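Biologist: Please take me closely through one part of this model, and then set that part within the rest of the chain. I would like the reasoning for each step as well as the values.

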Amino acid sequence: MLRTREQVRVLGPGDRDRFIALAEQDPVVNVFADYRARLTNLDERWLGGQVWGRFEGDELVAGCHLGANLVPVQCTPDDVGAFAEVALRRRSSVGTIVGPSDVVGSLWGILEPRWARPREHRPLQPHLEISRPSAEAVASDVRPTTPDDLQQLYPACVAMYTEEVGVSPENDAGGGDLYRARIQQLIARGWSMASFDEQGVVFKAEIACVTPYAAQVQGVWVRPDRRGEGLATSGMSAVVRHVLGTGMAPVVSLYVNEWNTAARAAYARVGFEQTATFATLMF
């Protein structure tokens with residue numbers, strides 16, 4: 001039940017600055033929602049969904065991004081009930097729920113009886129950050145990719161996605177075209193980095209979103225026949241150095257599956273430190 005003078009409503013372009021200020025209360029954890037707000041100005045035509053806010057009086061105190069990704073923003077476990085009915089109305093379009101583990105857990109406790117069973121539930125994903133160049137050796141052959149790399153890069157991206165998510169991005173009708181377009185977009189922005197040998201991609205990673213506060217990395221992958229050589233450590237050291245050295249952002253962040261001990265060890269060697277714990281549900 002809403003408290004006195006409390007309101008929950010869709011946010012629009014006129015709320016952009018207030019929503020960004022809300023996200024900036026924890027700008028690295030909230031980098032995805034902050035980036036989306038800056039990119040779309042909270043215009044539903046560009047969001048491909050909606051952003052909702054909970055107000056106490058005139059103050060925006062919590063938010064929720066509702067598109068293909070459902071992402072709570074500055075919610076406490078007690079806030080999520082305000083967004084539950086809205087989430088249920090859009091459940092057919094939500095592919096992933098992701099955010100701080102306690103908040104996602106509380107939200108899912110409300111939604112679960114009326115939502116489809118998740119294909120994957122990853123409740124304790126370490127959220128990691130680094131704000132200085134790594135002391136580890138940097139892979140000199142890891143570089144921003146170019147459009148000429150797409151033919152070699154795209155199969156590696158599909159392999160990474162399939163390994164990580166459990167289904168191919170090409171499974172749905174038009175999925176391959178959409179995923180290829182996404183990779184092309186990242187290349188055009190200079191947000192795709194990789195190294196190559198005569199057999200193709202050796203290491204790759206993408207920068208998923210960037211704000212004045214952070215750059216979030218995704219899609220880190222080493223070709224299976226080259227694993228165990230320390231390439232994730234040297235490759236991620238190169239990504240970190242590139243992001244920080246070019247002034248793209250002052251912090252590099254990512255979150256990793258709790259069971260992926262090899263990746264967690266590589267990130268620790270690079271110098272990443274855990275600052276929060278995320279949870280992800282995939283449908």
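**A loop residue and the strands around it**

Modeller: Q74 has a relative accessible area of 24%, and because this lies between the limit of under 20% for buried and that of over 50% for exposed, Q74 counts as partly exposed. The model is a predicted one, and every value that follows should be read in that light. Q74 belongs to the loop that leads from strand 4, residues 69-73, to helix 4, residues 81-89. Its backbone deserves a look as well, since phi of Q74 is positive, near 55 degrees, although the residue is not a glycine.

Q74 is also one of the residues in contact with N30, a list that, once neighbours within four places in sequence are set aside, consists of L22, A23, P72, V73 and Q74. N30 itself sits in the loop between helix 1, residues 16-23, and helix 2, residues 31-40. Its relative accessibility is 6%, and N30 is therefore classed as buried. Through these contacts N30 meets L22 and A23 of helix 1, and P72 and V73 of strand 4.

At the other end of helix 2, N41 lies in the loop that leads to helix 3, residues 44-47. N41 is another residue other than glycine with a positive phi, again near 55 degrees, and with a relative accessible area of 36% N41 is partly exposed.

From strand 4 we can turn to the sheet, which is open, has 12 strands in the order 1-2-3-4-5-12-6-11-10-9-8-7, and is mixed in its pairing. Strand 1 and strand 7, the latter at 143-144, each have a single partner strand, so they form the edges and one side of each lacks a neighbour in the sheet. The partner of strand 1, residues 6-10, is strand 2, and the two run antiparallel over 5 bridges. Strand 2, residues 50-56, has 6 of its 7 residues buried and is thus mostly covered. On its other side, strand 2 is joined to strand 3, residues 59-66, by 7 bridges, also in the antiparallel sense.

The pairing can be followed residue by residue: E56 of strand 2 faces E6 of strand 1, and E56 also stands opposite E59 in strand 3. Elsewhere in the pairing of strand 2 with strand 3, Q50 has L66 as its bridge partner. The hairpin made by strand 2 and strand 3 has 2 residues between the strands, and there G57 adopts a positive phi near 65 degrees.

Seen as a whole, the protein contains 9 helices and 12 strands. Its C-alpha trace extends over about 65 × 40 × 35 Å along the principal axes. A compact globule of 283 residues would be expected to have a radius of gyration near 19 Å, and because the protein has 19 Å, the two agree. Of the 283 residues, 52% are buried, and of the contacts between residues at least 6 apart in sequence, 70% join residues at least 24 apart. The accessible surface amounts to about 13200 Å², with 49% of it on carbon and sulfur atoms. As for charge, there are 28 positive and 34 negative side chains, and the centres of these two sets are 3 Å apart.

Terms used
Residues are numbered from 1 along each chain as its sequence is written. This is a predicted model: local features need pLDDT of at least 70, side-chain atom pairs count only at pLDDT 80 or more; totals for chains, interfaces and linings use all residues. Side-chain values use heavy atoms; hydrogens and water are left out. Helices (H or I, at least four residues) and strands (E, at least two) are DSSP runs, numbered from the N terminus. The radius of gyration is taken over C-alpha atoms; the globule rule is 2.2 Å times the number of residues to the power 0.38. Buried means under 20% relative accessible area, exposed over 50%, partly exposed in between (1.4 Å probe, protein chains only). Contact means heavy atoms within 4.5 Å. Accessible areas come from the Shrake-Rupley method with a 1.4 Å probe; for residues, only the protein chains shown count as cover. Lys and Arg count as positive and Asp and Glu as negative; His and the chain ends are not counted. The place of a charge is taken as NZ of Lys, CZ of Arg, CG of Asp or CD of Glu. Two strands pair if DSSP finds at least two bridges between them.
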